[in-house]
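Open the model in a viewer and show it as a cartoon. The stops below give a selection to make and then what is found there.

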Amino acid sequence: MKRKLALDVGDKTIGVAVSDPLGITAQGLTTIERIGIKKDTDMVVALIREYDCDTVVIGLPLNLNGSDSIQTEKVREFRSRLENKLRSNALAHICVDWQDERFTTVIAEDVLIAADLSRAKRKKVIDKQAAVLILQSWLAVHSEGEKL
């Protein structure tokens with residue numbers, strides 16, 4: 001089984017998490033500082049290759065009522081550009097999937113506060129922790145289907 005990569009795509013940073021090889025747990029990997037869509041997607045492709053991933057899970061930031069927000073459209077555009085980059089790099093076999101990310105940043109913040117991290121330290125790891133939650137949620141849903 002190959003690893004899964006999760007992205008929490010924001011305007012300034014992209015939180016990244018990766019699964020273990022068995023697809024059971026998610027670990028925070030890094031936070032990518034956004035430079036521009038071309039370089040950002042290049043960095044994601046490099047991580048896909050480095051960690052031998054077969055799936056990229058992108059957090060979809062919907063409004064509480066399930067409708068699209070301004071950020072949703074930005075993230076949809078990021079996915080489209082990433083899929084184009086994958087095709088042009090002979091990685092068209094990589095699955096790109098959505099995971100509803102409502103509340104992940106709030107939950108991540110709560111986890112980090114409970115861990116007694118200072119506000120400055122929380123700011124540095126919040127996006128990576130949100131990516132972990134996105135990936136754990138995705139793995140929970142998709143591992144159920146594999147057991148059936």
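Two strands count as paired if DSSP finds at least two bridges between them. Helices (H or I, at least four residues) and strands (E, at least two) are DSSP runs, numbered from the N terminus. This is a predicted model, in which local features need pLDDT of at least 70 and side-chain atom pairs count only at pLDDT 80 or more, while totals for chains, interfaces and linings use all residues. Residues are numbered from 1 along each chain as its sequence is written, and side-chain values use heavy atoms, with hydrogens and water left out.

**The hairpin**

Select E2 and E3. These strands form a hairpin with 6 residues between them, and Gly23 in the turn has a positive phi of about 70 degrees. The two strands run antiparallel and are joined by 7 bridges. To find one bridge, pick Ser19, whose partner in E3 is Ala26.

**The sheet**

Now add the other strands. The result is an open sheet of 5 strands in the order E3-E2-E1-E4-E5, with mixed pairing. E3 and E5 are the edge strands, each pairing on one side only. From one strand to the next, the twist averages 25 degrees. For a parallel pair, select E1 and E4, which 5 bridges join. Ala6 has Val57 as its bridge partner in E4.

**Helix H1**

Select residues 37–50, which make up H1. This helix of 14 residues reaches 20 Å from its first C-alpha to its last, close to the 20 Å expected at 1.5 Å a residue (the expected span is 1.5 Å times one less than the number of residues). H1 lies across E1, E2, E3 and E4, and runs at about 150 degrees to E3. Such angles run from 0 to 180 degrees between N-to-C directions, with axes fitted to C-alpha atoms, for helices over the stretch in contact.

Colour Asp40, Thr41, Val44, Val45, Leu47 and Ile48, which are buried. They cover an arc of only 160 degrees around the axis, which puts them on the same side of H1. (Buried means under 20% relative accessible area, exposed over 50%, partly exposed in between, with a 1.4 Å probe and protein chains only; the arc is that of the directions from the helix axis to the C-beta atoms.) Lys38, Lys39 and Glu50, on the other side, are exposed.

Which residues does Asp40 touch? Leaving out residues up to four places away in sequence, Asp40 touches Ile14, Glu33, Arg34, Ile35 and Phe78, where contact means heavy atoms within 4.5 Å. Asp40 counts as buried because its relative accessibility is 1%. Just past the helix, look at Asp52, whose phi is positive, near 50 degrees.

**Helix H2**

Move to residues 70–88, helix H2. At its start, a side-chain oxygen of Ser69 reaches to within 3.3 Å of the backbone nitrogen of Gln71. Colour the buried residues: Thr72, Val75, Phe78, Arg79, Leu82, Lys85 and Leu86. They fall within an arc of 140 degrees seen down the axis of H2, so they line one face of the helix. Their cover includes E1, E2, H1, E4 and E5. Turn to the other side of H2 for Ile70, Arg87 and Ser88, which are exposed.

Finish at Arg79, which is buried, with a relative accessible area of 15%. Residues up to four places away in sequence aside, Arg79 touches Ile58, Val96, Asp97 and Trp98.

Definitions and conventions. A polar contact is a pair of N or O atoms within 3.5 Å; within protein, one must be able to donate a hydrogen and the other to accept it, and residues adjacent in sequence count only if both atoms are side-chain atoms.
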